[in-house]
Amino acid sequence: MTTDAHPGPLRLLVFGAALREESTNARLASLVAGILTDAGATVDLAAMREFDMPLYDGDLETAHGLPDGALALRDRLEWCDAFVLASPEYNASVPGVVKNAIDWVSRVRPQPFKTKHALLVSASPSLIGGNRGLWALRVPLEHLGTRVYPDMFSLAGAHKGFTEDGQLTDAGLQQRLGETVTAFLRLVEADARYVCLQRRWYEFPGDRTEAPVTQRAED
């Protein structure tokens, strides 16, 4: 058993990364949160509006430090064992507000994104469901050391993709989402509770970790 495991249920931050109140990504985040809760996890469901922060400005950081919104997001990330990010796709890429939040929080030391497991999901009215944005989102997160789950979920035609009670209108997609979330949770549990994994400490600008690899197995 690892020494950094905590007792009790796994803790998951589920983050709807859109500002619009009626966002389909907020609905998708809520659906994922429900699946995780039913599986026995403790879920912190968050929305982008909870983490207000200006555009990243190095001079602003030097003069005033990190904004309260960035520190609040840092605290929520440090609490969780893993996080799920439901992100829109803007012009085939990452929304600026999401990238800005990542940039601000990346300035924290120690780096809260490093070695966290993450599942990326999206909802979009487009025919490919925001998948291009998720591929772009993987880049900064993996650069910061996040273990982004290989499988991702994209809901196409999201404007007509939900039932009145918040489930997906397509039963096959509902099943696939449940299977994806459950498989992700099993991986998080294996890493947090049982498995002898080596954690590689990824290098990124400003990282000063000396040991390149730590062994998480303990006798």
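## Two helices that cross

Helices α1 and α6 are oblique to each other, and their crossing is a good place to start exploring this predicted model. Helix α1 covers residues 24-38 and helix α6 covers residues 171-194. Their axes come within 10 Å and cross at roughly 60°. An angle of roughly 60° falls short of the 65 to 115 degrees that would count as roughly perpendicular, and it is not under 35 degrees, so the pair is called oblique. The crossing of α1 and α6 is right-handed.

Which residues make the contact between them? On the α1 side you will find Leu-28, Leu-31, Val-32, Ile-35 and Leu-36. On the α6 side the partners are Gln-174, Leu-177, Gly-178, Val-181 and Leu-185. Sorted by class, this contact has eight nonpolar residues, two polar residues and no charged ones.

## The chain as a whole

Stepping back, the protein chain has six helices and eight strands. If you read along the sequence, they follow the pattern β-α-β-α-α-β-α-β-α-β-β-α-β-β.

The chain holds 219 residues, and buried residues make up 48% of them. Among contacts with a separation of 6 or more, 76% are between residues 24 or more positions apart.

## The largest core

In soluble globular proteins, nonpolar side chains tend to be buried together. Here, the largest nonpolar core has 30 residues, and the members that touch the most others are Phe-83, Leu-85, Leu-137 and Leu-141. At least two residues of this core come from each of β1 (11-16), α3 (68-79), β3 (82-86), α4 (96-105), β4 (117-123) and α5 (131-143). Helix α4 gives the most, with five residues.

Let's take a look around Phe-83. Leaving aside its neighbours within four places in sequence, Phe-83 is in contact with Leu-12, Leu-13, Leu-77, Phe-113, Lys-116, His-117, Ala-118, Leu-119, Leu-141, Thr-146 and Phe-184. There is also a second, separate core of 29 residues, which includes Val-14, Leu-36, Ala-82 and Leu-119.

## A parallel pair

How are α4 and α5 set against each other, roughly parallel or roughly antiparallel? Their axes come within 11 Å and cross at roughly 5°, and they are therefore roughly parallel. The cut-off behind that word is an angle under 35 degrees.

Val-98, Lys-99 and Ile-102 of α4 meet Leu-137, Pro-140 and Leu-141 of α5. The residues of this contact divide into five nonpolar, no polar and one charged. Two of the names may look familiar: Leu-137 and Leu-141 were listed above among the core residues that touch the most other members.

## Two residues to visit

Is Thr-180 buried or exposed? This residue sits in helix α6 and has a relative accessible area of 5%. Thr-180 is buried because that value is under the 20% cut-off. Apart from neighbours within four places in sequence, Thr-180 is in contact with Leu-119, Tyr-149 and Asp-151.

Ala-47 is in strand β2, which covers residues 42-47. With a relative accessible area of 31%, Ala-47 is partly exposed. Beyond its neighbours within four places in sequence, Ala-47 is in contact with Phe-15 and Gly-16. Ala-47 and Arg-20 are 27 residues apart in sequence, and their C-alpha atoms are 9.8 Å apart in space.

## Backbone details in the loops

Most residues other than glycine have a negative phi, and most peptide bonds are trans. With that in mind, a few places in the loops deserve a visit. The peptide bond from Arg-109 to Pro-110 is cis, with omega near 0°. Pro-110 is placed in the loop between α4 and β4.

Thr-115 is also found in the loop between α4 and β4. Its phi is near 70°, a positive value in a residue other than glycine. Thr-115 counts as buried, at 8% relative accessibility. Ala-92 lies in the loop between β3 and α4. Although Ala-92 is not a glycine, it has a positive phi of about 65°. Ala-92 is partly exposed, with a relative accessible area of 34%.

Methods. Residues numbered from 1 in each chain as written. Predicted model: local features only at pLDDT ≥ 70, side-chain atom pairs only at ≥ 80, totals over all residues. Heavy atoms only, no water. Core = buried A, V, L, I, M, F, W, Y, C linked by side-chain atoms within 4.5 Å. Buried < 20%, exposed > 50% of the residue type's maximum accessible area, 1.4 Å probe, protein only. Helix = DSSP H or I, 4+ residues; strand = E, 2+ residues; numbered from the N terminus. Contact = heavy atoms within 4.5 Å. Axes fitted to C-alpha atoms, helices over the stretch in contact; angles between N-to-C directions. Parallel < 35°, antiparallel > 145°, perpendicular 65-115°, else oblique. Left-handed = near helix turned anticlockwise from the far one by under 90°. Nonpolar A, V, L, I, M, F, W, Y, C, P; charged D, E, K, R; others polar.
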